[in-house]
There are 2 protein chains.
Amino acid sequence: MESKVKISMKKESRDSKPTIVDVARLAGVSPATVSHVLNKTKRVTPETEEKVLQAVKTLRYQKNALASTLRSRNSQVIGFVTSQLHSIFWLRVIRAVEYTLSQNGYQMFLGCSYGDPARELELIESMLQSMVGGVIIATCINEINEKELPISPQIMNFLEERCVFVDTYPSGMNVDFVGVNNEEASFQLVELLLKKGYRRIAMVNGDSRILTARERRSGFFKALKEYAVSVDERYIFEGKNLGKRTGLEGANYLLSLDSPPEAVFLASGNLTVGFLEGCREKGVRIPGDIELVGFDDIEWTPVIEPFLTCCVQPSWDIGETAASLLLEKIQEKKEGRAKREVRLKCEVVIRNTFQKG
Amino acid sequence: MESKVKISMKKESRDSKPTIVDVARLAGVSPATVSHVLNKTKRVTPETEEKVLQAVKTLRYQKNALASTLRSRNSQVIGFVTSQLHSIFWLRVIRAVEYTLSQNGYQMFLGCSYGDPARELELIESMLQSMVGGVIIATCINEINEKELPISPQIMNFLEERCVFVDTYPSGMNVDFVGVNNEEASFQLVELLLKKGYRRIAMVNGDSRILTARERRSGFFKALKEYAVSVDERYIFEGKNLGKRTGLEGANYLLSLDSPPEAVFLASGNLTVGFLEGCREKGVRIPGDIELVGFDDIEWTPVIEPFLTCCVQPSWDIGETAASLLLEKIQEKKEGRAKREVRLKCEVVIRNTFQKG
DNA sequence: GTGAAAGCGCTAACAT
DNA sequence: ATGTTAGCGCTTTCAC
């Protein structure tokens, strides 16, 4: 008697959501059958299927994703670990990832390391504790260094089996990766300057331990070489990172030289923003006094001067491709398949003075 | 014998992470005790505590968050449902929310409804299925309408008990809310125009079923009234939403009038971007031909002309306050406490022509 | 202060 | 084709 009361208590309480057991009882079948109907994991007669679906409907049953994942070890959640949450570029990538995942019935964890490698690992670990199905990482780790940043074999294994890196990845790691053709696009931008006859061309870039910085730098040098222009070390400014501050510092440095450059290649959108601020402070007019080409578009270009010539990263495609690649990887269980490196192409957008030239 | 083999198999396999049982065994205590040590949920002698912590360390044990949440009904995950993922404003809010949550040991789900109310509800439901502890919502639902968009009592209850709305909320709902002083800030902006002597002042705004649009509109009218300026209906342009396109349409309309306005109040940052595009197309110079004040700053203002006078929303504070409020609400179990409405103040930034005036 | 046992809601293996 | 049973990894009574 006691137990019966308890059971009915449970069924009465309106704040607790219905479980698979409630559905089974109402449909007059076993919980296992309900599970099979909902997951299409075994054939069931149309008759019982109908009963189950009806019960689901009347109870407004929604399955508990946690219990399901815990038991089946199959999660419908993907984590996205980014290293910055500042630029419109990353916002677009996030949007594409979120959209692609949700279209496939997945949810997204979002975490930001703010450029701290240790924090990045913490985020990955905490996502693992929540049994995510996989992770997309915009890493801030340039190189695996067992001394400075030990990574457990478990994490290492996870990074290889259930991750996709975007934009950049730690050098020497064999991982799936989605990025852009940094070298080629940089080459094209610098070539525009060279074709126009400029020879005193500067570069503002970040630390070349960063993959993207390194590749863009390489494109710059390649172009100079192809046009037989010797490198003037005074025109090379390489700051700590690809951020705004570095751009500002680069402007302060380059614009103070005895013979300033005629043209500058800026290796990122944030660098460009900082560089423009520096120009403004120094009273240098853009366009006019100096010619700029930049990697990555800057948001406001369509609205107001200056219209900068740049290459536009396919930010949406980057996110979409990364998400699709990860889902594919997770769903086909082949553990040992070869890693893939996808390079999407940037579009070089020619604006302003170049149109006249 | 058979079972023993199985057990040892289990312990050998290196791909499975250690469980609380493994820790308990190694420390020579029961799983319950390990749980109590880790969660500080009961007093334990320092001696056994030490043993447990040691075992945790050597096994590199990390507790399974899913199992923990499933059993304790206490989740460390918060969902953020946004209605758009386009502007830098929302990026900042997201950043603040993510940061605040992670500082408190929480993880964040991110979902975007893209302005579709039905999708918004789906997102909330799927988060509920994952047993999130609470949700922060930038809603696109202006009004509860049982006919068009039925909301189950369960969801309704959840929205009231474990949610915080940001930026706007459905009219008539009694919920926790974090927003800004839309009316007051708009008043101040329009007052700047009035004090400078303008009388032919226009407004570009979104549909006033949207809370923010309504309040900003109200501030506009209040200012005109206070300065005894009668409203000229031709100068009121109210489009569908607060987006860029509406701003462009507003520019096309207002700049084509026989006697165009001398000054315009733009009720959002995106409206401003669109309006500027319209000005550019029509060859109207800003600043110069027409005076603008805008609600919400636009990203590039510090770098390039035009420097617009505007009010800056405290986007970081909005996100941080919303997250803190939600965590507080969840942690203090008082179910029936009064709802709170927090209004943060915008900073009016006076730039350009106003400085000379 | 500690442990045994039950159970959160689900799915997978094994019967029938 | 369906049901029975066990158990994912954890927390929580309730004994001792």
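**Reading a two-chain predicted model**

Guide: The copies meet through the same surface, because 100% of the interface residues of chain A are also interface residues in chain B; contact means heavy atoms within 4.5 Å. This is a predicted model, in which local features need pLDDT of at least 70, side-chain atom pairs count only at pLDDT 80 or more, and totals for chains, interfaces and linings use all residues. Residues are numbered from 1 along each chain as its sequence is written, chains are lettered from A and ligands numbered from 1 in the order in which they are written, and side-chain values use heavy atoms, with hydrogens and water left out.

Visitor: By what turn and what shift can chain A be laid on chain B?

Guide: Two copies of a chain are related by a rotation about an axis and a shift along it. Here a turn of 180° and a shift of 0.0 Å along the axis lay chain A on chain B with an RMSD of 0.1 Å, superposed by least squares on C-alpha atoms of residues with pLDDT of at least 70 in both. The two copies are thus related as by a two-fold rotation axis.

Visitor: Which residue of chain A comes closest to the rotation axis?

Guide: That residue is A:Phe109, whose C-alpha lies at 2.3 Å.

Visitor: How do the axes of helix 6 and helix 13 of chain B cross?

Guide: Axes are lines fitted to C-alpha atoms, for helices over the stretch in contact, with angles running from 0 to 180 degrees between N-to-C directions. Helices are DSSP runs (H or I, at least four residues), numbered from the N terminus. In chain B, the axes of helix 6 (residues 88-103) and helix 13 (residues 315-331) come within 7 Å and cross at roughly 40°.

How values were computed. Helices (H or I, at least four residues) and strands (E, at least two) are DSSP runs, numbered from the N terminus.
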